[in-house]
Amino acid sequence: FPLSSLVDGAVAPFLLLSTLSIAPSAPQAQSALSLRLLLLGCHCHLSTALLYRSSRRSRPTTLVVIHNNKQQLSMTSMAYNQAAGIGGMLKKGHKSMQGLQGATLRNVEACHEISTITRTSLGPNGMNKLVVNHLGKIIVTSDCATIVKELEIEHPAAKMLQLAAEAQDFECGDGTNLVVSFAGELLSQTEDLFRMGLHPSDVVTGYTNAGEKLIEEFLPPLAELITPMADGRVKEELERVVKPVLAAKQLGSEDVLAPLVAEACLGTMSSSGKASFSAESVRVAKILGGDISQSHVVHGFVALRGLETTLTTAKDAKVVVFGCGIEASATEAKGTVLMKNADDLKNYNKSEEKKMEEIIKGIADSGVKVLVAGGSVSEMALHFIERYGMLCLRIGSKWELRRLCVATGATALVRLGAPTPDEMGHCDHVYQKEVGGKPITVFSQAEGSKTSKLSTIVLRASTSSVLADLERAIDDGVHAARAACKNGKLVPGAGATEIELSLKICSFADTCPGLDQYAIRAFGKALEVVPRTLAENAGLDQGKVLAALVAAHANGKACAGVDIDAMGIDGASGVCDETKVYDLYETKASAFRLAIDAAVTVLRVDQIIMSKAASGGAGM
């Protein structure tokens with residue numbers, strides 16, 4: 001209908017535009033409009049008018065409503081402006097990168113950079129990284145999972161490698177550097193493949209086929225070369241498994257740490273059925289000072305603070321744990337007490353003392369020797385605890401309180417009063433001792449105790465940075481021991497597995513007729529990054545070591561690996577024909593699987609679209 005009919009007639013005050021277009025045919029109809037309007041509400045004043053402002057097809061069409069000579073509504077049509085491209089579709093401030101040069105190669109470069117950072121930390125001779133985080137905290141470590149976590153990576157493709165490393169650390173504890181280094185090398189190999197003219201789909205297909213062959217056919221036979229862990233309850237077997245893991249993080253300290261980790265794990269294992277334990281059952285108490293040789297294991301719980309009472313020891317003690325403080329509770333409502341003389345004040349204080357004494361006496365009559373409070377302990381309560389000959393410890397952390405409950409079998413109570421027999425825990429020996437000038441409280445359980453499900457490794461070191469790095473190494477060792485209890489299969493370490501798999505993958509590539517054979521061969525070449533990096537970090541000639549290693553495996557020596565002790569020895573090839581370093585089969589398989597998945601995921605991305613940051617911060 002013509003525009004004049006809207007101006008002369010009465011229309012609703014609110015208009016919802018659903019379609020607005022200009023008829024392209026008939027020149028005489030250029031000024032005509034095809035409008036579909038939804039009229040809502042009641043009639044408005046006759047001075048309401050609609051003005052239509054048309055423009056070329058390259059500019060949006062606008063509808064303006066004038067009411068009493070005032071502009072009230074301006075709407076832009078939903079017609080897509082093709083000339084503006086993706087910028088006309090997305091919100092202002094977005095970023096978009098697409099294509100091989102714009103997105104794929106940028107992602108490859110970002111992942112290559114993060115793998116270059118972590119690669120020099122691979123192996124026993126790996127270098128430490130000094131990272132200062134956003135809080136100003138200084139972290140000195142060679143642990144890959146910690147490095148990529150503290151770097152605060154923003155690039156979305158490099159973030160995938162970080163997530164893969166964190167998944168490997170959570171699942172297996174070890175092999176995080178292998179994930180990042182191998183994934184980065186896989187992506188670095190794609191640059192030559194793209195230059196040859198291969199499409200990303202061909203590369204993805206080749207990597208996927210090579211990964212399936214590696215995991216399903218080539219890796220399992222290597223586990224038959226090494227004797228698996230027979231029994232997880234044998235200390236020597238656990239030491240054999242965790243020693244290479246600890247040596248990769250703390251070279252030279254593995255002979256001290258491995259027995260500690262094995263003893264702590266054995267102390268928390270179930271007495272019946274298959275050997276198994278929870279990694280959360282092994283805790284670390286860090287005490288500054290001394291050296292690592294002074295570290296020891298406590299079968300039980302260690303609190304890094306002294307007792308509140310003058311008594312400092314109790315044997316065969318019943319333990320009660322209160323999640324609240326031991327003090328007179330304040331009422332929620334305010335009250336006023338009117339005291340007329342001194343006798344009223346005395347009686348008021350005596351009633352409070354009498355009530356507290358009743359509570360403490362009831363606890364003592366139940367046979368409890370040790371009280372643990374999750375809050376503050378009043379002086380009046382401490383006085384009666386001393387009178388009835390009990391020990392008192394205050395723990396402020398609710399997490400530490402839960403671990404103490406696990407170690408003693410107690411239940412944390414939220415009320416003050418005598419506990420029932422089911423709520424009380426038991427400890428063979430509770431005592432206070434001084435370590436490095438700092439008082440600590442030890443809840444020790446006897447060997448074979450059914451109550452204790454917790455072990456604590458008391459770590460000593462000269463600096464806080466060394467203590468933190470030792471704690472990370474022990475955590476990796478505990479996770480490796482847990483994984484070994486589930487699957488005790490072992491494969492050759494020191495780069496032997498990677499070289500053997502590389503030769504098999506390259507042989508498999510020769511049997512493939514399609515273009516994916518180039519990607520499969522690049523996959524096999526990428527596996528050489530592990531022995532090459534181990535030799536480089538150990539100060540050896542990587543070219544000579546790699547050539548000697550390939551020759552040894554070609555001659556049937558499947559257990560030949562890099563000998564890091566050959567540095568500086570005249571005539572040494574840097575290769576050990578029968579390596580004594582072993583890796584867990586499950587750890588190695590998980591690392592390869594995560595690295596391949598991360599690399600393939602990055603290669604499948606052909607466009608990156610980033611919205612404007614909400615805080616206005618800089619993006620990628």
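**Figure 1. Salt bridges in the predicted model.** In this predicted model, the count of salt bridges comes to 20. Side chains of opposite charge can pair when their charged atoms come close. The next three views each visit one such pair.

**Figure 2. Arg-532 and Glu-185 form a salt bridge.** Look for the closest N and O atoms of Arg-532 and Glu-185, which are 3.5 Å apart. The pair links distant parts of the chain, 347 residues apart: Arg-532 belongs to helix H15 (residues 529-537), and Glu-185 to helix H5 (residues 176-196). Arg-532 is partly exposed, with a relative accessible area of 21%, whereas Glu-185 is buried at 8%. Arg-119 joins the picture too: salt bridges that share partners connect Arg-119, Glu-185 and Arg-532 into one network.

**Figure 3. Asp-476 meets Lys-249 in a salt bridge.** Here the N to O distance is 3.5 Å. Asp-476 sits in helix H12 (residues 464-486) and Lys-249 in helix H7 (residues 235-249), so this salt bridge ties together parts of the chain that are 227 residues apart in sequence. Are these two residues, Asp-476 and Lys-249, buried or exposed? Both Asp-476 and Lys-249 are buried.

**Figure 4. Within helix H11 (residues 398-408), Arg-403 and Glu-400 are separated by about one helical turn.** The two side chains meet in a salt bridge, with 2.6 Å from N to O. An α-helix has 3.6 residues a turn, so residues three or four places apart point the same way. Arg-403 and Glu-400 are 3 residues apart in the helix. Arg-403 is partly exposed, with a relative accessible area of 22%, and Glu-400 is partly exposed at 27%.

**Figure 5. Helix H6 (residues 200-218) and its buried residues.** This helix has 19 residues and reaches 25 Å from its first C-alpha to its last, close to the 27 Å expected at 1.5 Å a residue. To follow the buried residues along H6, start at Pro-200 and move through Val-203, Val-204, Gly-206, Tyr-207, Ala-210, Gly-211, Leu-214 and Ile-215 to Phe-218. Where around H6 do these buried residues lie? They cover an arc of only 165° around the axis, which means that they are on the same side of H6.

**Figure 6. Helix H13 (residues 496-509) is mostly covered.** Of the 14 residues in H13, 10 are buried. Among them are Ala-496, Thr-497, Glu-498, Ile-499 and Glu-500, as well as Phe-508 and Ala-509. The end C-alpha atoms of H13 are 20 Å apart, which agrees with the 20 Å that its 14 residues should span at 1.5 Å a residue. One more residue to find in this view is Gly-556, whose C-alpha lies 9.5 Å from that of Glu-500, although the two are 56 residues apart in sequence. Gly-556 belongs to the loop between helix H16 (542-554) and strand E20 (561-562) and is exposed, with 59% relative accessibility.

**Figure 7. Glu-152 and Asp-316 each have a positive phi.** Neither residue is a glycine. Glu-152 has a phi of about 55° and is found in the loop between helix H3 (144-150) and helix H4 (156-171). Asp-316 has a phi of about 50°, and its place is in strand E12 (residues 313-322). How do they compare with the surface in mind? Glu-152 is partly exposed at 42% relative accessibility, while Asp-316 is exposed at 51%.

**Figure 8. A nonpolar patch on the surface.** Which residues form this patch? The members are Val-337, Met-339, Leu-345 and Tyr-348, and together they have about 360 Å² of accessible area. Tyr-348 lies in helix H9 (residues 342-365) and is partly exposed, with a relative accessible area of 42%.

**Figure 9. Two buried cysteines, Cys-392 and Cys-405.** A disulfide is a covalent bond between the sulfur atoms of two cysteines. How many disulfides does the structure hold? The count is 0. Cys-392 is buried, at 0% relative accessibility, and Cys-405 is buried with a relative accessible area of 13%.

Terms used:
Residues are numbered from 1 along each chain as its sequence is written. This is a predicted model: local features need pLDDT of at least 70, side-chain atom pairs count only at pLDDT 80 or more; totals for chains, interfaces and linings use all residues. Side-chain values use heavy atoms; hydrogens and water are left out. Helices (H or I, at least four residues) and strands (E, at least two) are DSSP runs, numbered from the N terminus. The expected span of a helix is 1.5 Å times one less than its number of residues. Buried means under 20% relative accessible area, exposed over 50%, partly exposed in between (1.4 Å probe, protein chains only). The arc is that of the directions from the helix axis to the C-beta atoms. Patches are made of residues with over 30% relative accessible area and no salt bridge: like charges are joined within 9 Å, nonpolar side chains (Val, Leu, Ile, Met, Phe, Trp, Tyr) within 5 Å. Accessible areas come from the Shrake-Rupley method with a 1.4 Å probe; for residues, only the protein chains shown count as cover. A salt bridge is a side-chain nitrogen of Lys or Arg within 4 Å of a carboxyl oxygen of Asp or Glu. A disulfide is a pair of cysteine sulfur atoms within 2.5 Å.
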